[in-house]
Amino acid sequence: MIIAQDRCQGCAKCVPYCPVDAIISFKRDKAKGIAAHAIINSDECVECGACYRAKVCETDAFVRDVLPYPRVLRQLFSDPWFSHPGTDIPGRGTEEMKTNEVTGRFWDGYIGIGLEFGRPGVGCRLKETERAFQRLLPLGFVLEPKNPLTQLIADPKTGALKPEAREEKVLSAIVEGIVPLDKAAHAFEIIKELANEIDTVFSLDVIGKVARDGNIPVREAMRAAGFTPSAAGKTNVGLGRPLFEKHE
Amino acid sequence: MTHTLHRKGEAHDFGDDHVLLAMAATGITHKGSAETKRKMFEILAKHPHVNCGDVKTGSLFNSDFESIRAGFQDTSVLHFVFPDKETVVRVLEDLKAADLGLSVVITGLFDDTQAACQKSGLPMHTVEYSGGILGKTERLAPNGVLEITTMCGHGLVAANLVLELVKQVRARRKTCAAAAAELAAPCLCGIFNPKRAERLLAKLV
């Protein structure tokens, strides 16, 4: 995203719409002959499109070009208008538990874990997720193959990303996978340590199937590890068809 | 794509915030599902709601009802926000009866969703919890602001926009309701709850 300088009037109405503070406005400086204007810090911009869609620019100064690779990664992770070619769904994530009764992605005896780097509202360089891969993969953390971040991994053993992707900044990117429930305690310990090893934030997602007796093993695993399961969250109510069990 | 998770707030603060998401399973049931989503949309739209939408066509606050209804594609993800748990019960009863085959996820207090599932005769099949925010949390916006911005799980509602609108409400240039509607606009999916935002804005002002 750029702001066309020949159109920008320097009103600064667009500035608060940027989720990552990447729009910089300059007041008129008569002595230096500088007109009021705004620019986008392209290094910090995550190409989410929020400024463009805000439609507060009276002179249509926002210009959205087709982005070259690897810069387009910012857009694919940050702007839900665009679907990643590897997932075919909008945004940075996957269907995860939303269609689980049909896909069988998360089943009894497993725990799904997502670390949403950069969320909420901080953003991250993609390279910051590598530490999570390095720490979790030796545990047997099985990565979600349809996740767009998984698809950027150059070395599946270490989780090192493709070099050209590492410096790209996004609103968020999700380290997503599953481990057997008996490894949940170890995974949660690693996650606590990771929190002290990174320069951004991450939101922790924990997914599990509800047992036939109504028990929720992943909730107990969270508590045992010292995490407080949220009072509000997501529930798949099993309406999707065909059910995974039927074509196992 | 856990965009309806991680809505920040105290447990007692989610009584008017119940999000429904519906979609087909990509590669399994998504082909030809646009018409099914339209049928589900007609069912859901009869119930009281404060927002709805699909990321491709937008929400009630950046598009319009007819465009949303006409815009479903096989890859669309349908969202509604309902203002009370009683409506969720009636919605689930209707969806169970309609048996459309789309996957449905309810985001809200687990106690409320569990009760709604029991009353409507549906199972809690799979659940997803937030384990909180970890790392450099000193870089986060203040809690009162996050309670509003996290209602857009894609992070498109900027903390600075909340602060700017709070200023405008304090200066009596805007009502909380008008400011909440402005905050709902950047959220493309229609999962932002403007009524809750209005309430939270009043606390910030």
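**Group meeting: a sheet shared by chains A and B**

Let me begin with helix 8 of chain B, residues 194-204, whose buried residues are Pro194(B), Arg196(B), Ala197(B), Glu198(B), Leu200(B) and Leu201(B). I should say at once that this is a predicted model. Those buried residues of helix 8 pack against four elements of chain B, namely strand 2 (51-54), helix 5 (143-149), helix 6 (159-170) and helix 7 (176-184).

Before I turn to the sheet, a few words on chain A as a whole. Chain A holds six helices and 13 strands, and its C-alpha atoms fill a box of roughly 75 × 40 × 35 Å along the principal axes. Of the 248 residues in chain A, 49% are buried, and if we take the contacts in chain A between residues at least 6 apart in sequence, 76% of them join residues at least 24 apart.

Now to the sheet itself. It is an open sheet of 11 strands, paired antiparallel, and read across, the order is 7(A)-11(A)-5(A)-12(A)-6(B)-13(A)-5(B)-1(B)-4(B)-2(B)-3(B). Strand 7 (142-143) of chain A and strand 3 (58-59) of chain B stand at the edges with a single partner strand each, so one side of each has no neighbour in the sheet. As general background, strands of a sheet pair through backbone hydrogen bonds, either parallel or antiparallel.

Let me go through the pairings between the chains one at a time. Strand 12 of chain A, residues 201-209, runs antiparallel to strand 6 of chain B, residues 126-135, and eight bridges join them; within this pairing, Phe202(A) has Leu134(B) as its bridge partner. Strand 6 of chain B also pairs with strand 13 of chain A, again in the antiparallel sense, over three bridges, and here Lys234(A) stands opposite Glu128(B). Strand 13 of chain A, residues 232-236, pairs in addition with strand 5 of chain B, antiparallel and over five bridges, with Val105(B) as the bridge partner of Asn236(A). As for burial, five of the five residues of strand 13 of chain A are buried.

Helices lie on this sheet as well. Helix 6 of chain A, residues 217-224, lies across strand 5 (110-117) and strand 12 of chain A and strand 6 of chain B, and runs at about 140° to strand 12 of chain A. Helix 1 of chain B, residues 33-45, packs on the sheet by touching strand 1 (18-23) and strand 4 (78-82) of chain B, and its direction makes about 10° with that of strand 4.

How many residues does each chain bring to the contact? Chain B gives 64 and chain A gives 67. On the chain B side, the elements that each supply at least two residues include strand 1, helix 3 (85-98), strand 5 (103-109) and helix 4 (110-120), while the largest share, 10 residues, comes from strand 6 of chain B. By class, that side of chain B has 35 nonpolar, 24 polar and five charged residues.

Finally, a helix pair within chain B. The axes of helix 3 and helix 4 of chain B come within 9 Å and cross at roughly 40°, which means that helix 3 is oblique to helix 4. Their crossing is right-handed. Among the residues of helix 3 that meet helix 4 are Val88(B), Val89(B) and Leu92(B), and among those they meet on the helix 4 side are Ala116(B) and Cys117(B). By class, the contact of helix 3 with helix 4 has five nonpolar, one polar and five charged residues.

Notes:
Residues are numbered from 1 along each chain as its sequence is written. Chains are lettered from A and ligands numbered from 1 in the order in which they are written. This is a predicted model: local features need pLDDT of at least 70, side-chain atom pairs count only at pLDDT 80 or more; totals for chains, interfaces and linings use all residues. A residue is buried if 20 or more other C-beta atoms lie within 10 Å of its own, exposed if 12 or fewer, and partly exposed in between; C-beta atoms are placed from the backbone. Two residues are in contact if their C-beta atoms, placed from the backbone, lie within 7 Å. Two strands pair if DSSP finds at least two bridges between them. Axes are lines fitted to C-alpha atoms, for helices over the stretch in contact, and angles run from 0 to 180 degrees between N-to-C directions. Ala, Val, Leu, Ile, Met, Phe, Trp, Tyr, Cys and Pro count as nonpolar, Asp, Glu, Lys and Arg as charged, and the others, Gly among them, as polar. Angles under 35 degrees count as roughly parallel, over 145 as roughly antiparallel, 65 to 115 as roughly perpendicular and the rest as oblique. A crossing is left-handed if the near helix is turned anticlockwise from the far one by less than a right angle, and right-handed if clockwise.
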